[in-house]
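Work through these exercises with the model open beside you. Try each task before you read its solution.

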Amino acid sequence: MRLGLMALPLAFFALFFAYPVVSIVGRGLKDGGQWQLSRIGEVLGDPDLLHVLWFTVWQAAASTALTLLIALPGAYVFARFDFPGKQLLRAVVMVPFVLPTVVVGSAFLALVGRGGLLDDLWGVRLDTSVWAILLAHVFFNYAVVVRTVGGLWGQLDPRQEEAARVLGAGRFAAWRRVTLPALGPAVAAAALMVFLFTFTSFGVVQILGGPTFSTLEVEIYRQTADFLDLPTAAVLTMIQFTAVLGLLSLHAWTVRRRESALRLVDASQTARRPRGAGQWALLWSTLAVIAVLLIAPLLVLAERSFAGPDGYSAVFYETLGSAATADSTFAVPPLEALWNSLAYAAVATLIALVVGGLAAAALTLPASRGRAAGKVPTAGRLVRGFDALLMLPLGVSAVTVGFGFLITLDRPPLDLRSSWWLVPLAQALVGVPFVVRTMLPVLRAVDGRLREAAAVLGASPWRVWREVDLPMVRRALLIAAGFAFAVSLGEFGATVFIARPDQPTLPVAVARLLGRAGEQNYGQAMALSTILMVVCACALLALERLRLRPRPRTGPAGGTPIDHTGEF
């Protein structure tokens, strides 16, 4: 049964993930049918590429440390404090995480770049500064720490820490000895996920780094698209893939640690109004950080989209739908990218739901009857390996996947290079992990005895799923669809290669406009970014309303930063 459910996801990943990646790496490292492994040494000996590798690791580590420093107080505030507008603010905090990286880059470009707000007011520009990249990464990953650590923090019983203080421990000592050990695995898991996202950063660095700064992902794109140097791109892909595997292994280890027994309570019972000057100061400082770091860039992005040559107007929005004023890099009016993106994302969401739903069902099946024969450990390794496979698209170079689509899916029966389906297939690869991580905690919380009782009464496996599982996971399915839609809408790394000139997506259109000089192009890029921001924010707010409805307990707090509370 498990293998049957895994068949379609395995086939999908083998055909549209493993095959393109392995093929492009093979083409890069083979010459005349012979492996050119010496190329690895040449790349690792290139000072410029070593600098790219060093900067990739350095900026990921700095971004992770800065994100933890800024976001951990916010995690505490959302976990322990109750204040007016808290639920709305939780949704606002989540908006940056679901925004496309191109929009994040555009928002910070509007704030700190040439012609941005700080440039207009005080002549300050940070668009070619590493600080712009680091702050943009904090902006993007703030919600990861708040949801991962804060979600667990809010469920820890505060009476344990209070008991330690009654026994004579100071406030800090009680927190260090009681709360910190319980939060440690969650903090480690959040840090690993932030490091993974920033290590593979593409859109943010591409827009804010300019020619000065380059991560491995950006360099793979440059070597592939600008120089057609497949051997170098292949070696860099292998380096990134190895690093991602290591990070995912560490993450799996932290997840298993988080599944240890903890005394958890309902999060709503631990939150209370701030008391004392210190707690009020922490609340107001957190609100100030959210306003300056998370809300201000989005407001400035919207403001720049209305800042026309003759004052504030909607001129940039009006020209988006006109083919006569469209930039020469577009075969269609830029606004058509919106309808293209919505259609692509809708189809990608359907694909991700089917593939991810089957994968989640396979991961939650109980152990087989082979326990006595010693087969369960083997099955356990199979499940863990399958679970890791599903996470790989979040860390493997999307640029490599996109270019691999072009060079592998070009002959019958899979001649898809000019097919409309190529884009949603690539986007679905990114959506599947979110579907799996959303569905897993809910499926694992379903009492297996209900399934067994239905089977004993003669229900087929399909009817058991329809009558038992589906009613309990319907809301999680809707939330999974929303997240798959949002991430598909903003996918950029692979789409930039495979989107046809007459059918661009919104992120591709924004990147093209930002890549050309002129106030008109810049204004249209800000307008398209604002439209994309609004669409993603609306999707997120709809998800937040679903999340806030009463729901049954979804199981233990173990899992990834995306699934440990069953909210995503």
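**Exercise 1. Decide how enclosed helix H5 is.**

Start with the count: eleven of the twelve residues of H5 are buried, so H5 is largely enclosed by the rest of the structure. Keep in mind that this is a predicted model.

Next, find the helix. H5 covers residues 101-112. Its buried residues are Val 102, Val 103, Val 104, Gly 105, Ser 106, Ala 107, Phe 108, Leu 109, Ala 110, Leu 111 and Val 112.

Then check its span. From first C-alpha to last, H5 reaches 16 Å, close to the 16 Å expected at 1.5 Å a residue.

**Exercise 2. Describe the packing of H5 against helix H23.**

Begin with a general point. Two packed helices are described by the angle between their axes and the distance between the axes.

Step one is the geometry. H5 and H23 (residues 506-514) pack at an angle of about 35°, and their axes lie 9 Å apart. Their crossing is left-handed.

Step two is the contact. H5 contributes Val 102, Ser 106 and Leu 109, while H23 contributes Pro 507, Val 510, Ala 511 and Leu 514.

Step three is the spacing. An α-helix has 3.6 residues a turn, so residues three or four places apart point the same way. Look again at Val 102, Ser 106 and Leu 109 on H5 with that in mind.

**Exercise 3. Classify the packing of helix H4 with H14 and with H7.**

Take H14 first. H4 (residues 86-98) and H14 (residues 276-306) pack at about 50°, with axes 10 Å apart. That makes H4 oblique to H14. The cut-offs matter here: angles under 35 degrees count as roughly parallel, and 65 to 115 as roughly perpendicular. H4 passes H14 in a left-handed crossing.

Now list the residues that meet. H4 supplies Leu 89, Val 92, Val 93, Val 95 and Pro 96. H14 supplies Leu 287, Ile 290, Leu 294, Ile 295 and Leu 298.

Turn to H7. H4 and H7 pack at an angle of about 130°, with their axes 6 Å apart. H4 is therefore oblique to H7 as well. This crossing, too, is left-handed.

On the H4 side, the residues are Arg 90, Val 93, Met 94, Pro 96 and Phe 97. On the H7 side, they are Phe 139, Phe 140, Tyr 142, Ala 143, Val 144 and Arg 147. Val 93 and Pro 96 of H4 meet residues of H14 and also residues of H7.

**Exercise 4. Sort five residues as buried, partly exposed or exposed.**

The rule: buried means under 20% relative accessible area, exposed means over 50%, and partly exposed lies in between.

- Asn 141 has 0% relative accessibility, so Asn 141 is buried.
- Thr 400, at 3%, is buried.
- Phe 17, at 5%, is buried.
- Ala 388, at 35%, is partly exposed.
- Leu 228, at 63%, is exposed.

Now place them. Asn 141 lies in helix H7 (residues 130-153). Thr 400 is in helix H18 (residues 398-408). Phe 17 belongs to helix H1 (residues 2-29). Ala 388 sits in helix H17 (residues 376-391). Leu 228 is in the loop between helices H11 (216-226) and H12 (230-258). Its phi is near 55°, a positive value in a residue other than glycine.

**Exercise 5. Find what the buried residues touch, leaving aside neighbours up to four places away in sequence.**

Phe 17 touches Phe 12, Leu 392, Pro 393, Val 396, Val 401 and Leu 429. Asn 141 is in contact with Thr 67, Val 194, Phe 197 and Thr 198. Thr 400 contacts Val 21, Ile 24, Ile 220 and Thr 237.

**Exercise 6. Compare distance along the chain with distance in space.**

Go pair by pair, C-alpha to C-alpha.

- Phe 17 and Ala 398 are 381 residues apart along the chain and 9.8 Å apart in space.
- Thr 400 and Ala 234 are 166 residues apart in sequence and 8.3 Å apart in space.
- Ala 388 and His 251 are 137 residues apart along the chain and 9.9 Å apart in space.

Finally, widen the view to the whole chain. Among contacts with a separation of 6 or more, 80% join residues 24 or more positions apart.

**Exercise 7. Summarise the whole chain.**

Count the elements: the chain has 24 helices and six strands. Then take burial: 55% of its 568 residues are buried. Last comes the surface. The chain exposes about 24300 Å², and carbon and sulfur atoms supply 64% of that area.

Methods. Residues are numbered from 1 along each chain as its sequence is written. This is a predicted model: local features need pLDDT of at least 70, side-chain atom pairs count only at pLDDT 80 or more; totals for chains, interfaces and linings use all residues. Side-chain values use heavy atoms; hydrogens and water are left out. Helices (H or I, at least four residues) and strands (E, at least two) are DSSP runs, numbered from the N terminus. Buried means under 20% relative accessible area, exposed over 50%, partly exposed in between (1.4 Å probe, protein chains only). Contact means heavy atoms within 4.5 Å. Accessible areas come from the Shrake-Rupley method with a 1.4 Å probe; for residues, only the protein chains shown count as cover. The expected span of a helix is 1.5 Å times one less than its number of residues. Axes are lines fitted to C-alpha atoms, for helices over the stretch in contact, and angles run from 0 to 180 degrees between N-to-C directions. Angles under 35 degrees count as roughly parallel, over 145 as roughly antiparallel, 65 to 115 as roughly perpendicular and the rest as oblique. A crossing is left-handed if the near helix is turned anticlockwise from the far one by less than a right angle, and right-handed if clockwise.
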